[in-house]
Amino acid sequence: MIEIDVNTKLCAVIGHPVRHSLSPVIHNAGYQSLGLNFVYLAFDITDVEGCLRGMRAMDNFRGISVTIPHKEAVIPYLDEIDPVAKKIGSVNTITHEGDKLIGTITDGAGTLNAFRRAGVDLQNKRILFLGAGGAVRAVAFTFAETIQPEQITILGRTPSRLQKLINDLRVAYPCINLHEGYLTENLDHYVRSHDVIIQGTPAGMTGHSEEKLQFPYDSLTPHHIVMDMIYRPLYTELLLEARNKGCKIITGIEMLLEQAVLQFELWTGYTAPLDAMRESLEKVLK
Ligand code: NAP
């Protein structure tokens, strides 16, 4: 255990609720592995403004991970926000730099790193997103901003939510080859006509009572690369089926870890000890 003293730096996750957050496990494992004088806590908060005023007043409060439902609500209280986070309209990372609070979002860049670490180059790939919620929004914007996929297709469920995401992406990135559709229509056609599938709905998540996606597993071939953002269970039905069909698979754990790695490096200035962080996470999830 780290010895807490007057120099200890504090980082934390804020959300409502936060009791299921795995961020304390990941970050504290990293601090302990490197022997850094940092500690990471979880705060269940509803008063976002008060929380950020408190952070600003505390010199040794170094960083905040922001989770649901506060990712948009924190924005008015920040001094700076990076351009992609601004376009997405969401922040998952706040850094206390001098007297400033600086916001960014690491979900998309972390996902990109998960693909890179798995040896997948997304340039010139046809990428299919299942779902049109907050996580897909963050990742799709980051992909449009930083790589040149041949095509991005987003399949949603609720028309208004899907249309808003598609319209916002078209306005921000008029040159990308962007398509849209619905999860209940021609899913087999969409799967066959894409290289990379990123599952971004909660369907299939442990404890999620809503109905499952009717995924056409027979349309998968070994050329597909399949990521599931869900990390409970570690291997979803989609990932198990994809692995059986010979596809390369990437678990939601990798996305979770990589977004935390970017935060860790931003706040500590050290290269994150990925193996120690992964080990601690897997121990908790098993
Ligand atoms: P969200 O904002 O609530 O969006 C969920 C999306 O999935 C929406 O498009 C929603 O449709 C759709 N959906 C929900 N239930 C569905 C069902 N039964 N069938 C078909 N579509 C359904 O959630 P989110 O924050 O984007 O998170 C999505 C998933 O990613 C969750 O499982 C979350 O745990 C996971 N996640 C993982 C990481 C990670 O680091 N690995 C990070 C963030 C999120 P509507 O438009 O109709 O609402």
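A residue is counted as near a molecule if one of its heavy atoms lies within 4 Å of it. The structure described here is a predicted model, and the ligand shell is taken up before the two sheets.

Around the ligand there are 24 residues, of which Ala132, Ala135, Thr158, Arg161 and Met229 come nearest. By residue class, the shell divides into 13 nonpolar, 7 polar and 4 charged residues. Polar contacts to the ligand involve both side-chain and backbone atoms of the protein. An N or O atom in the side chain of Thr158 is 2.4 Å from an oxygen atom of the ligand. Arg157 places a polar side-chain atom 2.9 Å from a ligand oxygen atom. At Met229 the contact is made through the backbone, a polar atom of which is 2.9 Å from a nitrogen atom of the ligand. On its own the ligand has 930 Å² of accessible area, and the protein covers 82% of this. Two elements, α5 and α9 (252-268), give two or more residues to the shell. The largest share, 3 residues, comes from α9.

Helix α5 also packs on the parallel sheet. This open sheet has 6 strands in the order β9-β8-β7-β10-β11-β12, and the pairing is parallel. Its edges are formed by β9 (178-182) and β12 (248-250), each of which pairs on one side only. From one strand to the next, the twist averages 15 degrees. At the β12 edge, β11 (residues 225-228) pairs with β12 in the parallel sense over 3 bridges. Within this pairing, Met227 has Ile250 of β12 as its bridge partner. Helix α5 (residues 134-146) lies across β7 (126-130), β8 (151-156) and β10 (196-199), and runs at about 165 degrees to β7.

The second open sheet likewise contains 6 strands, here in the order β2-β1-β3-β5-β6-β4 and with mixed pairing. Strands β2 (38-44) and β4 (80-81) are its edges, each pairing on one side only. The edge strand β2 is joined to β1 (residues 9-15) by 7 bridges in the parallel sense. One residue pair in this arrangement is formed by Lys9 and its bridge partner in β2, Phe38. Helix α1 (residues 23-34) lies across β1, β2 and β3 (61-66), at about 170 degrees to β2.

Several backbone features were found in loops. Most residues other than glycine have a negative phi, and most peptide bonds are trans. Against this background, the peptide bond from His16 to Pro17 is cis, with omega near 5 degrees. Pro17 belongs to the loop between β1 and α1, and both of these elements take part in the arrangement in which α1 lies across β1, β2 and β3. Another cis peptide bond joins Ile68 and Pro69, with omega at about 10 degrees. Pro69 is located in the loop between β3 and β4; β4 is an edge strand of the mixed sheet. A positive phi, near 65 degrees, occurs at Asn124, a residue other than glycine. Asn124 lies in the loop between α4 (107-117) and β7, and β7 is placed between β8 and β10 in the order of the parallel sheet.

Conventions: Residues numbered from 1 in each chain as written. Predicted model: local features only at pLDDT ≥ 70, side-chain atom pairs only at ≥ 80, totals over all residues. Heavy atoms only, no water. Pairing = 2+ DSSP bridges. Helix = DSSP H or I, 4+ residues; strand = E, 2+ residues; numbered from the N terminus. Axes fitted to C-alpha atoms, helices over the stretch in contact; angles between N-to-C directions. Contact = heavy atoms within 4.5 Å. Polar contact = N/O pair within 3.5 Å; in protein donor to acceptor, adjacent residues only side chain to side chain. Areas by Shrake-Rupley, 256 points an atom, 1.4 Å probe, with all protein chains shown as cover. Nonpolar A, V, L, I, M, F, W, Y, C, P; charged D, E, K, R; others polar.
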